[in-house]
Amino acid sequence: MADALLDDVGDLLREAADQVVLPLFRKLDEADVSEKAPGEIVTVADRRAEELISAGLRGLRPGSMVVGEEGVADDPGLLRHLREGGDVWLVDPVDGTANFAAGRRPFALMVALLTDGRPTAGWILDPLAGILASGRADDGTLLNGRPVGDTGSGPRLGELRGAAMTRFLPPETRDRVRAGGRRLGELLPGQHCAGREYLDILTGEQQFVLFWRTLPWDHAPGALLVRAAGGVARRFDGVDYHPADEGHGLLVAANEQVWAEVHDALLGT
């Protein structure tokens with residue numbers, strides 16, 4: 001059965017990619033890139049795409065609130081809406097901005113919908129790969145309109161493939177993760193684009209990913225989509241991830257078995 005909201009937001013992300021993001025890829029001038037915080041850059045594509053997406057989302061749900069990455073950079077107080085009632089959109093207009101600004105792939109456009117504080121729908125578009133993941137929390141996940149099947153038991157320990165973002169980990173945790181990776185199979189350094197990491201779990205390219213930084217626009221869409229496909233997204237202490245929760249550390253896996261095995265290998269004492 002067609003889902004008008006999933007289709008409409010997917011079309012909106014494609015529009016933003018086609019009209020704003022892709023025309024600027026590898027065509028940015030020096031003036032198009034600035035630093036919004038130490039070590040954090042923003043491009044004209046981020047700002048223009050967020051404006052276009054935000055306007056479209058408000059049109060789809062009149063009265064809804066938009067909490068975008070660039071909007072929060074200007075007004076951190078917007079984050080309070082993540083626990084409030086009604087419809088709240090989380091928007092990452094260009095996930096993987098450093099890649100985009102350097103003329104590298106991957107990068108993605110992402111949206112999540114929270115209703116009365118509960119994540120209810122998510123979208124991730126990789127415009128260069130032509131992949132759109134969308135879904136509702138209770139109805140499964142779609143890849144380009146086709147249902148993502150149950151991931152099953154997956155590879156055995158020693159044959160798992162996944163990524164760990166070690167750059168910001170505390171030194172003791174970083175050492176433990178790197179040592180534990182040898183037990184798993186293939187431990188990748190990450191692609192500097194959370195959206196692509198989540199897509200790779202959904203497509204079966206990898207079975208897990210470990211993050212330290214957990215900004216809500218980076219993880220709300222992907223965590224919802226992986227869970228809707230039968231996967232797991234939890235903090236290191238086993239608490240289910242919620243985008244309004246502060247803190248660090250997130251382990252995402254294709255299923256319960258993989259989550260337990262990866263947690264034991266990378267984070268167990």
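Which residues in helix 1 meet which residues in helix 2? On the helix 1 side they are D8, V9, L12, L13, E15, A16, Q19, V20, V21 and L24, and their partners in helix 2 are V44, A45, R48, A49, L52, I53, G56, L57 and L60; contact here means heavy atoms within 4.5 Å. Sorted by class, this contact has 14 nonpolar, two polar and three charged residues, where Ala, Val, Leu, Ile, Met, Phe, Trp, Tyr, Cys and Pro count as nonpolar, Asp, Glu, Lys and Arg as charged, and the others, Gly among them, as polar.

A quick word on the ground rules. The model is predicted, so local features need pLDDT of at least 70 and side-chain atom pairs count only at pLDDT 80 or more, while totals for chains, interfaces and linings use all residues. Residues are numbered from 1 along each chain as its sequence is written, and side-chain values use heavy atoms, with hydrogens and water left out.

Back to that first pair: helix 1 spans residues 4-24 and helix 2 residues 44-60, and their axes come within 9 Å and cross at roughly 160 degrees. Helices (H or I, at least four residues) and strands (E, at least two) are DSSP runs, numbered from the N terminus. Axes are lines fitted to C-alpha atoms, for helices over the stretch in contact, and angles run from 0 to 180 degrees between N-to-C directions. Helix 1 and helix 2 are therefore roughly antiparallel, on a scale where angles under 35 degrees count as roughly parallel, over 145 as roughly antiparallel, 65 to 115 as roughly perpendicular and the rest as oblique.

Just past helix 1, in the loop between that helix and strand 1 (33-37), sits R26. R26 is not a glycine, yet has a positive phi of about 65 degrees. Another backbone oddity turns up at P106, in the loop between helix 4 (97-101) and strand 5 (108-115): the peptide bond from R105 to P106 is cis, with omega near 5 degrees. For background, most residues other than glycine have a negative phi, and most peptide bonds are trans.

At the domain level, the assignment gives domain 1 (4-147) and domain 2 (160-267), with bounds that come from an automatic or database domain assignment. Their centres, taken over C-alpha atoms, are separated by 21 Å. Across the interface, 37 residues of domain 1 are in contact with 25 residues of domain 2. The two domains bury about 2,400 Å² between them, 72% of it on carbon and sulfur atoms; buried area is the accessible area (1.4 Å probe) that two parts lose on being put together, summed over both. R83, I124 and T141 supply 20% of the area that domain 1 buries against domain 2, more than any other three residues.

Two further helix pairs round out the picture. Helix 6 (residues 194-203) and helix 7 (residues 216-228) pack at about 5 degrees with axes 9 Å apart, which makes helix 6 roughly parallel to helix 7. A194, Y198, I201 and L202 of helix 6 make this contact with D218, H219, G222, A223, L225 and V226 of helix 7. Helix 5 (residues 171-184) and helix 8 (residues 256-267) have axes 6 Å apart and an angle of about 130 degrees, so this pair is oblique. Their contact residues divide into six nonpolar, three polar and four charged.

Finally, H248 lies in the loop between strand 13 (232-234) and strand 14 (250-253). Neighbours within four places in sequence aside, H248 is in contact with W212, T214 and R235.
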